[in-house]
Amino acid sequence: MRHLILIGFMGSGKTSLGKRLAKALGRPFVDTDQQVEKTAGKKISDIFQEEGESGFRRRETEALAKLKEEKKPCVISVGGGLPVQPQNHLLLEQLGTVIYLEAPVEVLEQRLAGDTGRPLLAGGDLHTRIVQLMEQREEIYQEVADLIVQTGGKSFEELITEVKKRTEHL
Ligand code: S3P
């Protein structure tokens, strides 16, 4: 089943664009973070606190694997760390077309300032944390992606038109 899967750093717009793209394509929208919270019955920050990052990653992979049962093609937004985990690479490949939403660090920083729901950004200087994590992740995002979309300075409408155009032959 060819789903469209949006990957990218926290704050890159996976969920906000994903919802709009799903509507434009008449597809269901699924967000793995929401699935994890629903199944666990608790917020991501509580999962990190009570089960550690490894507990969250296990739940995240389970949520991703469950999507193989989905009959209709969906637009799927996944958490920023999901594509970094090697155990998810084959699953992503099997599920569909992976689209990396690339956003400049300054844009991410603006969007993530004051956020309290993302444990990996808690404490310390936000800019430094984003740069550190991005250094670890960027190459992997690029490798896992079938398509890379530069989101900087583009409206949702422009991004939807671009994604539609670049995926219509798939
Ligand atoms: C994470 C990103 C978050 C969420 C969790 C860990 C990460 O999702 O899965 O806080 O490791 O980058 P978003 O990318 O939707 O914020």
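The buried residues of helix α7 pack against β1, α1, β4 and β5, in a model that is predicted. These buried residues are Leu 159, Ile 160, Glu 162, Val 163 and Thr 167, and, seen down the axis of α7, they fall within an arc of 165°, so they line one face of the helix. On the other side of α7, Glu 157 and Lys 165 are exposed. The points below begin with the two helices α7 and α1, then turn to the sheet, and end with the nonpolar cores.

**Helix α7**

- Helix α7 has twelve residues, and the distance from its first C-alpha to its last is 16 Å, close to the 16 Å expected at 1.5 Å a residue.
- An α-helix has 3.6 residues a turn, so residues three or four places apart point the same way.
- The helix packs on the sheet, where α7 touches β1, β4 and β5, and its direction makes about 160° with that of β5.

**Helix α1**

- Helix α1 covers residues 14–25, and its twelve residues should span 16 Å at 1.5 Å a residue, which agrees with the 16 Å between its end C-alpha atoms.
- Lys 14, Leu 17, Gly 18, Leu 21 and Ala 22 are the buried residues of α1, and because they fall within an arc of 135° when seen down the axis of α1, they line one face of the helix.
- What covers these buried residues of α1 includes the strands β1 (3–7), β2 (29–31), β3 (75–77) and β4 (96–102), together with helix α7 (156–167).
- Just after α1, Gly 26 takes a positive phi of about 65°.

**Arg 20 in helix α1**

- Arg 20 has its place in helix α1, and at 39% relative accessibility it counts as partly exposed, because that value lies between the cut-offs of under 20% for buried and over 50% for exposed.
- Leaving aside neighbours within four places in sequence, Arg 20 is in contact with Phe 156 and Ile 160.
- Although Arg 20 and Val 75 are 55 residues apart along the chain, their C-alpha atoms are separated by 9.6 Å.

**The sheet as a whole**

- Five strands form an open sheet in the order β2-β3-β1-β4-β5, with parallel pairing.
- The edges are held by β2 and β5 (147–150), each of which has a single partner strand, so one side of each is left without a neighbour in the sheet.
- From one strand to the next, the twist averages 25°.

**Strand β1 and its partners**

- Five of the five residues of β1 are buried, so this strand is largely enclosed by the rest of the structure.
- Both faces of β1 are covered, since His 3, Ile 5 and Ile 7 on one side and Leu 4 and Leu 6 on the other are all buried.
- Strand β1 pairs with β4 in the parallel sense over five bridges, and Ile 5 stands opposite Val 98 in β4.
- Three bridges join β1 to β3, which run parallel, and the bridge partner of Ile 5 in β3 is Ile 76.

**Strands at the edges**

- At one edge, β2 and β3 pair in the parallel sense over three bridges, with Ile 76 in β3 as the bridge partner of Val 30.
- At the other edge, β4 and β5 pair in the parallel sense over four bridges, and Leu 101 stands opposite Val 149 in β5.
- In a regular strand the side chains alternate between the two faces of the sheet.
- Along β5 this alternation can be followed residue by residue: Leu 147 and Val 149 point to one face and are buried, while Ile 148 and Gln 150 point to the other and are not.

**Nonpolar cores**

- The largest nonpolar core has 36 residues, and those with the most contacts inside it are Ile 5, Ile 7, Phe 9, Leu 64 and Leu 112.
- The elements that give two or more residues to this core are β1, α2 (32–40), α3 (44–66), α4 (89–95), β4, α5 (105–112) and α6 (126–144).
- Not counting residues up to four places away in sequence, Phe 9 touches Lys 14, Leu 108, Leu 112, Ile 130, Leu 133, Met 134, Arg 137 and Tyr 141.
- A second, separate core has 13 residues, including Leu 17, Leu 101, Leu 159 and Val 163.

Conventions:
Residues numbered from 1 in each chain as written. Predicted model: local features only at pLDDT ≥ 70, side-chain atom pairs only at ≥ 80, totals over all residues. Heavy atoms only, no water. Expected span 1.5 Å × (residues − 1). Buried < 20%, exposed > 50% of the residue type's maximum accessible area, 1.4 Å probe, protein only. Arc of directions from axis to C-beta. Contact = heavy atoms within 4.5 Å. Core = buried A, V, L, I, M, F, W, Y, C linked by side-chain atoms within 4.5 Å. Pairing = 2+ DSSP bridges. Axes fitted to C-alpha atoms, helices over the stretch in contact; angles between N-to-C directions.
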